[in-house]
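Ready for a few short exercises? Take a look at the structure first, then work through the steps.

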Amino acid sequence: MYQLDDESAAELAALGDDASVDALRAAIERICADPSGRRNPQHHFTKKFHKAKKYVKIPAELSAWELTHSKWRGVFVIIEVEKNGKTHRLIAFVPIRGKRFLTIQDAPWH
């Protein structure tokens, strides 16, 4: 299972508590369990994001994924961090225009 990085978790917590944000949190929990969405239970919250370099600066060796929730968008990468002698796999949402989680209206690629 993957973990959400600290900055993404803090921004997600700051979004509030309305129904669409609660649905976003549930989707992100599913993504942390399986980022590709191929294992059971399957989900359709992610897809490869091939135009990422147009919107964010990420290292060439990382693949970007798009969060494709019904009302929210975001771009994330999967990174491995060494901590206390253990390797942790993190999902890190990349800020776009200062935000990690964008409504569909705010996402520049829509």
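Here come three exercises on a predicted model, each with a worked solution.

Some ground rules: residues count from 1 along each chain as its sequence is written. In this predicted model, local features need pLDDT of at least 70 and side-chain atom pairs pLDDT 80 or more, while totals for chains, interfaces and linings use all residues, and side-chain values use heavy atoms, leaving out hydrogens and water.

**Exercise 1.** Find out which element has the lowest mean pLDDT.

Solution. Start with the term: pLDDT is the predictor's confidence in each residue, from 0 to 100. Next, the whole protein chain: its mean is 92, and 100% of its residues reach 70 or more. Now the elements (DSSP runs; helices are H or I with at least four residues, strands E with at least two, numbered from the N terminus). Helix α3 (residues 52–55) comes lowest at 86, and helix α1 (residues 6–14) highest at 96.

**Exercise 2.** Work out whether E66 is buried or exposed.

Solution. First, place it: E66 sits in strand β3 (residues 64–68). Then check the cut-offs: buried is under 20% relative accessible area, exposed over 50%, partly exposed in between (1.4 Å probe, protein chains only). E66 has 3%, so it's buried.

**Exercise 3.** Determine how strands β4 and β5 run.

Solution. Strands pair if DSSP finds at least two bridges between them. Nine bridges join β4 (residues 72–83) to β5, and the two run antiparallel. For one partner pair, take E80 and R89 in β5. Finally, look at their hairpin: two residues lie between the strands, and N84 takes a positive phi near 55°.
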